[in-house]
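Dear colleague,

Please find below the structure that I am handing over to you, with its sequence. A short account of what was found in it follows.

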Amino acid sequence: MSIEVKNEYGKIDITNDVIAQIVGEASIECYGIVGMASRHQIRDGLTEILRKENFARGVIVRNIGEDTHIDVHVIVGYGTKISEVAYQVQSKVKYTLQKTVGLSVESINIFVQGVRVTNF
């Protein structure tokens, strides 16, 4: 499925894969995020940290009518306040999608799939 953006020059179709990649890139830049987790843990292995080219595998983009809902699966660093990290991811994703593709989302759900100890 894709999102259609219309302007005075014509229309642009943006696929959910592109939205997922943008969301993954924005999420990984947030403080406290160690990596993206796979949304299919049984099939892909428990809390596998995804590499840069697979960030979209940790994001689900759902279009329900005119509304867009996003689910982000992350792994946080040990010692960080999970509620603050989740809030920062939500804010960063919302801002990034608004500025890059002009998309406003109805909800951004953060699923913390694991906690990892990082080297400081």
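The side chain of serine 107 makes a polar contact with the side chain of histidine 69, at 2.7 Å. Please bear in mind that this is a predicted model. Serine 107 lies in strand β6, which covers residues 107–116. Leaving aside residues up to four places away in sequence, serine 107 touches Thr68, His69 and Ile70.

The next point concerns two helices. Helix α1 (residues 16–28) and helix α3 (residues 82–100) have axes that come within 9 Å and cross at roughly 135°. This angle is over 115 but not over 145 degrees, and α1 is therefore described as oblique to α3. The crossing of the two helices, α1 and α3, is right-handed. On the side of α1, the contact is made by Ile19, Ile22, Val23, Ala26 and Ser27. On the side of α3, Val89, Lys92, Val93, Thr96, Leu97 and Thr100 take part. Sorted by character, the residues of this contact between α1 and α3 comprise 7 nonpolar, 3 polar and 1 charged.

Finally, there is a pair of strands to examine. Strand β1 (residues 2–7) pairs with strand β2 (residues 10–15) in the antiparallel sense, over 6 bridges. The two strands, β1 and β2, are joined by a hairpin through 2 residues. Which residue in β2 stands opposite valine 5? The residue in question is isoleucine 12. When you look at these strands, it may help to recall that side chains in a regular strand alternate between the two faces of the sheet.

Yours sincerely,
A colleague

Definitions and conventions:
Residues are numbered from 1 along each chain as its sequence is written. This is a predicted model: local features need pLDDT of at least 70, side-chain atom pairs count only at pLDDT 80 or more; totals for chains, interfaces and linings use all residues. Side-chain values use heavy atoms; hydrogens and water are left out. Axes are lines fitted to C-alpha atoms, for helices over the stretch in contact, and angles run from 0 to 180 degrees between N-to-C directions. Helices (H or I, at least four residues) and strands (E, at least two) are DSSP runs, numbered from the N terminus. Angles under 35 degrees count as roughly parallel, over 145 as roughly antiparallel, 65 to 115 as roughly perpendicular and the rest as oblique. A crossing is left-handed if the near helix is turned anticlockwise from the far one by less than a right angle, and right-handed if clockwise. Contact means heavy atoms within 4.5 Å. Ala, Val, Leu, Ile, Met, Phe, Trp, Tyr, Cys and Pro count as nonpolar, Asp, Glu, Lys and Arg as charged, and the others, Gly among them, as polar. Two strands pair if DSSP finds at least two bridges between them. A polar contact is a pair of N or O atoms within 3.5 Å; within protein, one must be able to donate a hydrogen and the other to accept it, and residues adjacent in sequence count only if both atoms are side-chain atoms.
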